[in-house]
Amino acid sequence: MKQTLNTSQAIDCLLRDQNASWTYQGAKALVEHLEQLEAETGDEMEMDAVAIRCDWSEYESLEAWADEYGLEPDGDDEEEREDSIRNYIELHGQLIEFPGGVIVSNF
């Protein structure tokens with residue numbers, strides 16, 4: 001037996017995970033990304049909030065991610081440093097940017 005969730009239900013599922021710290025905007029961006037991936041591949045995903053929490057993390061900014069992982073970004077100004085961080089993440093994982101933060105696949 002399978003239940004199909006709409007976008008709002010999937011967002012609510014992520015937000016109910018007490019061991020995660022998703023913002024509403026972050027959960028929405030992640031769910032929309034996963035839905036787009038489903039549409040592109042034709043493969044339906046099972047909603048597993050624990051697996052999602054283990055595979056993705058939300059940060060206030062690219063700089064916050066870099067600080068947590070000890071990455072010293074290249075560049076003299078904020079834009080150059082953000083581009084450096086963005087390029088590093090995209091070489092090693094996936095990046096979802098949204099107003100208010102970023103979500104990075106754990107790698």
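**View 1. The buried residues of helix α2 in this predicted model.** Let's start inside α2, where Gly 26, Ala 27, Ala 29, Leu 30, Val 31 and Leu 34 are buried. What do the buried residues of α2 pack against? Their partners are two helices, α1 (7-16) and α3 (49-55), along with the strands β1 (56-59), β2 (95-98) and β3 (101-105). As for why spacing matters in a helix, an α-helix has 3.6 residues a turn, so residues three or four places apart point the same way.

**View 2. Helix α2 from end to end.** Here's the whole helix: residues 24-41, 18 residues in total. From first C-alpha to last, α2 reaches 26 Å, close to the 26 Å expected at 1.5 Å a residue. Just after α2 comes Gly 42, and its phi is positive, near 80 degrees.

**View 3. The hairpin of β2 and β3.** These two strands run antiparallel, and four bridges join them. Take Glu 97 as an example: its bridge partner in β3 is Val 102. Two residues sit between the strands, and Gly 100 in the turn has a positive phi of about 105 degrees.

**View 4. Cys 13 and Cys 54, without a disulfide.** How many disulfides does the structure hold? Zero. Why is Cys 13 not bonded to Cys 54? The closest cysteine sulfur to that of Cys 13 is in Cys 54, and at 14 Å it's too far for a bond; a disulfide needs the two sulfur atoms within 2.5 Å. Cys 13 is buried, with a relative accessible area of 19%, whereas Cys 54 is partly exposed, at 48%.

Key:
Residues numbered from 1 in each chain as written. Predicted model: local features only at pLDDT ≥ 70, side-chain atom pairs only at ≥ 80, totals over all residues. Heavy atoms only, no water. Expected span 1.5 Å × (residues − 1). Buried < 20%, exposed > 50% of the residue type's maximum accessible area, 1.4 Å probe, protein only. Contact = heavy atoms within 4.5 Å. Pairing = 2+ DSSP bridges.
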